[in-house]
Amino acid sequence: KTQTAIVTGASRGIGKSIAFKLAEQGMKLAIIGHSDEIHRTAEELRNKGYDHVIAFQLDIAEENQVNAMIQDTIQAYSTIDLLVNNAGVGFFKKVEETSLEEWKQVFDVNVQGVFVASKAVVPHMKNRNSGTIITISSDVGRYTIPNGAAYTATKYAVQGFSGSLAQEVREHGIRVGTINPGMVDTYFNNSEQGTADKEEWLKVDDIANAVVYMASAPKHMLIDEIVIHPLVQNYPI
Ligand code: NJP
């Protein structure tokens, strides 16, 4: 039976690649972005022959908008098999240079966004006794880096959230896991994708392939976590 997936932050970067890889797997998609670029991604998918794509332009931290999106998706496809919480923002500054507004904004998207989207799909997945929730967290959800306190704190929060949720819903046939990449060549932190300085970083497809692997694992199997780094990245083990 055709499976359906929701991918947040799919207008560009990792999420866009995830959308294409899941479409290649034959999945029907609901894709979410904050900017109107999400409609371009939907157009690109349709141009490749993937007809089952619904695009939503919304703020992932806004519970009402997210709940409406989940209801619309269930109405359109009947089921949601997979939620990929990928939308995220980040910046790298010293604590004393970080404003309260910046702190709140990064928590709104990276933590609140994961909470409201996950909360909205769980009752539906419970009813079906099946479903997978994958969150694109970060290697800095496992160890700390200087000048990234706010961002690092959000990813530690997401690790805690996912672990707790995983234990809560496993008896309902729902699998919850995280993918924790190191440096990936995207538009993250106001950068450009494809610049020469990021040539040896992970590519968006590397992360999307991990999502496909995790989501398509046999039902009896939960892949809790996948950690991936580019070989050139120096990090504490
Ligand atoms: O970033 P980028 P990535 N509501 O900037 C969307 C994690 N990660 O692909 O505004 C809804 O190219 C945004 O939408 P739009 C990272 O923490 C990355 O690298 O329309 N959507 C866009 O589609 C994040 O969780 C690296 O452009 C919102 C997308 O999010 C995930 O990977 C390393 C939104 C961001 O695309 C994807 O980030 C790592 C909102 N309020 C973890 N705000 C890395 N790149 O090195 C943003 O460890 N979006």
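A residue counts as buried under 20% relative accessible area, as exposed over 50% and as partly exposed in between, with a 1.4 Å probe and protein chains only. The structure is a predicted model, in which local features need pLDDT of at least 70 and side-chain atom pairs count only at pLDDT 80 or more, while totals for chains, interfaces and linings use all residues. Residues are numbered from 1 along each chain as its sequence is written, and side-chain values use heavy atoms, with hydrogens and water left out.

**Aromatic pairs**

Rings of Phe, Tyr and Trp (its six-membered ring) pair if their centres lie within 6.5 Å, and planes under 30 degrees apart count as stacked, over 60 as edge-to-face and the rest as tilted. By this rule there are six aromatic pairs, two of which are tabulated here.

| Pair | Centre to centre | Angle between planes | Class |
|---|---|---|---|
| F92 and Y151 | 5.4 Å | 70° | edge-to-face |
| Y151 and F188 | 5.3 Å | 55° | tilted |

Ring pairs link F92, Y151 and F188 into a cluster. Within this cluster Y151 is buried at 8% relative accessibility, whereas F92 is partly exposed at 35% and F188 is partly exposed at 27%.

**Ligand**

The ligand is surrounded by 30 residues (each with a heavy atom within 4 Å of it), and the shell divides into 14 nonpolar, twelve polar and four charged residues. An oxygen atom of the ligand lies 2.6 Å from a side-chain N or O atom of S11, and a polar side-chain atom of R12 is 2.9 Å from an oxygen atom of the ligand.

Notes
Polar contact = N/O pair within 3.5 Å; in protein donor to acceptor, adjacent residues only side chain to side chain. Nonpolar A, V, L, I, M, F, W, Y, C, P; charged D, E, K, R; others polar.
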